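Below are some comments on the structure, set out as numbered points. They start from the core and work outward through the sheet and the helices.

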Amino acid sequence: MSKRGKNKVKVVKAKASKTKKGSKTRARKAHARDELALRKAVAATALAMSRSGLSPGRSGNVSARFGGGMLITPTGLAYEDIGPKDIVFVNADGSVPGKQRQPSSEWQFHLAAYRARPDMGAVVHTHSMHAVVLACAGRSIPAFHYMVAVSGNSDIPVIPYATFGSEKLANTVASGLADRRACLMAHHGAIALGETLPEALELAHEIEVLAEQYTKVLAIGPPAVLPESEMQIVIEQFKHYGQKALS
Ligand SMILES: [Zn+2]
């Protein structure tokens, strides 16, 4: 090859690596933009949860699946004070890279929920009043109303108690959510999943509404419950048309 030809090859190679570098930089920038948008969305969802009175004080937490792990609200900060930078990225193995705030003490069951439900992208956990009342009384929510099907199943069970933040609780959450999108947690609260943050928050609200309604039904007397065959029809309808079309 002539000297000129060699130089040409070098130039082409240099151009190719520049293009590669350029697309890598673009991908990194897009990733950073997505991350910032999601950090803002997690903080906004947590604030909306708190302001609506769904979870008192600093209780409850919110996360979204991201980059092989998740972005989750930090521990110890009031929701009014949480900004996008305070949201913590946690790897799938539970490690927290770099210098970040400490994640919510309940991060383990968030990760467990994502492992159990690869189809879900967001988790909202609350200590909402009526969900807690039923969870403390050990009362699962049966099909007293057709809207119970928003959970993706014909009831909303109470999963067994385990210490907050423990691996045992993460395991019980994972098994409770294997075939539904929401559960009550004994002596603790409620957990709701969504493909997106707004979906998870809406479901958390819906679970609280159902818990309040069911608590009132219980005060009158033993509830009438819809047959399983009817609930299966509703669950199917929800799958095809979405809950809004029917409610
Ligand atoms: Zn909690």
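1. Ala-192 touches Val-124, Arg-181, Ala-182, Ala-200, Leu-203, Ala-204 and Ile-207, leaving aside residues up to four places away in sequence. The model is a predicted one. In the largest nonpolar core, which has 60 residues, Ala-192 is among those that touch the most other members, together with Ala-200, Ala-204 and Ile-207. The element that gives the most to this core is α5, with 9 residues.

2. The sheet is open and has 7 strands, in the order β3-β2-β1-β4-β7-β6-β5, with mixed pairing. Its edges are β3 (88–91) and β5 (158–159); each has a single partner strand, so one side of each is left without a neighbour in the sheet.

3. Starting from the β3 edge, β2 and β3 run antiparallel and are joined by 4 bridges, with Ile-72 having Val-88 of β3 as its bridge partner. The pairing of β1 with β2 is also antiparallel, over 4 bridges, and Ala-64 stands opposite Leu-71 in β2. These two strands form a hairpin with 2 residues between them, where Gly-67 takes a positive phi near 50°.

4. Further along the order, 4 bridges join β1 to β4 in an antiparallel arrangement; Ser-63 has Val-123 of β4 as its bridge partner. The strands β4 and β7 are antiparallel too, joined by 5 bridges, and the partner of Thr-126 in β7 is Ala-190.

5. How is β4 placed, enclosed or open? Of its 5 residues, 5 are buried, so β4 is largely enclosed by the rest of the structure. In a regular strand, side chains alternate between the two faces of the sheet. Here Ala-122, Val-124 and Thr-126 point one way, Val-123 and His-125 point the other way, and all are buried. Val-124 is also one of the residues that Ala-192 touches.

6. At the β5 edge, β5 and β6 pair in the parallel sense over 2 bridges. The bridge partner of Val-158 in β6 is Leu-184. Two helices that pack on the sheet are taken next. Helix α2 (residues 107–116) touches β1 (61–66), β2 (69–72), β3, β4 (122–126) and β7, and its direction makes about 135° with that of β2. Helix α5 (residues 197–220) touches β1, β4, β6 and β7, and its direction makes about 145° with that of β7.

7. α2 is mostly covered, with 8 of its 10 residues buried. The buried residues are Trp-107, Gln-108, Phe-109, His-110, Leu-111, Ala-112, Ala-113 and Tyr-114. Their cover includes β1, β2, β3, β4, α4 and β7.

8. Which way does α2 run relative to α4? The axes of α2 and helix α4 (residues 167–176) come within 8 Å and cross at roughly 30°. That makes α2 roughly parallel to α4, since angles under 35 degrees count as roughly parallel. The crossing is right-handed. On the α2 side the contact is made by Gln-108, Phe-109, Ala-112, Ala-113, Arg-115 and Ala-116, and on the α4 side by Glu-167, Leu-169, Ala-170, Asn-171, Val-173 and Ala-174. Of the α2 residues in this contact, Gln-108, Phe-109, Ala-112 and Ala-113 are also listed as buried.

9. Helix α3 (residues 129–137) packs against α5 at an angle of about 60°, with the axes 7 Å apart. The two helices are therefore oblique to each other, and their crossing is left-handed. His-130, Ala-131, Val-133 and Leu-134 of α3 meet Ile-207, Glu-208, Ala-211, Glu-212, Tyr-214 and Thr-215 of α5. Ile-207 thus appears in this contact as well as among the core residues that touch the most other members.

10. One backbone angle deserves a look. Most residues other than glycine have a negative phi. His-187, a residue other than glycine, has a positive phi, near 55°. His-187 is found in the loop between β6 (182–185) and β7 (189–194). Is His-187 buried, exposed or partly exposed? With 14 other C-beta atoms within 10 Å, His-187 is partly exposed.

Note on methods
Residues are numbered from 1 along each chain as its sequence is written. This is a predicted model: local features need pLDDT of at least 70, side-chain atom pairs count only at pLDDT 80 or more; totals for chains, interfaces and linings use all residues. A residue is buried if 20 or more other C-beta atoms lie within 10 Å of its own, exposed if 12 or fewer, and partly exposed in between; C-beta atoms are placed from the backbone. Two strands pair if DSSP finds at least two bridges between them. Two residues are in contact if their C-beta atoms, placed from the backbone, lie within 7 Å. Axes are lines fitted to C-alpha atoms, for helices over the stretch in contact, and angles run from 0 to 180 degrees between N-to-C directions. A nonpolar core is a set of buried Ala, Val, Leu, Ile, Met, Phe, Trp, Tyr and Cys residues joined through C-beta atoms within 7 Å. Angles under 35 degrees count as roughly parallel, over 145 as roughly antiparallel, 65 to 115 as roughly perpendicular and the rest as oblique. A crossing is left-handed if the near helix is turned anticlockwise from the far one by less than a right angle, and right-handed if clockwise.
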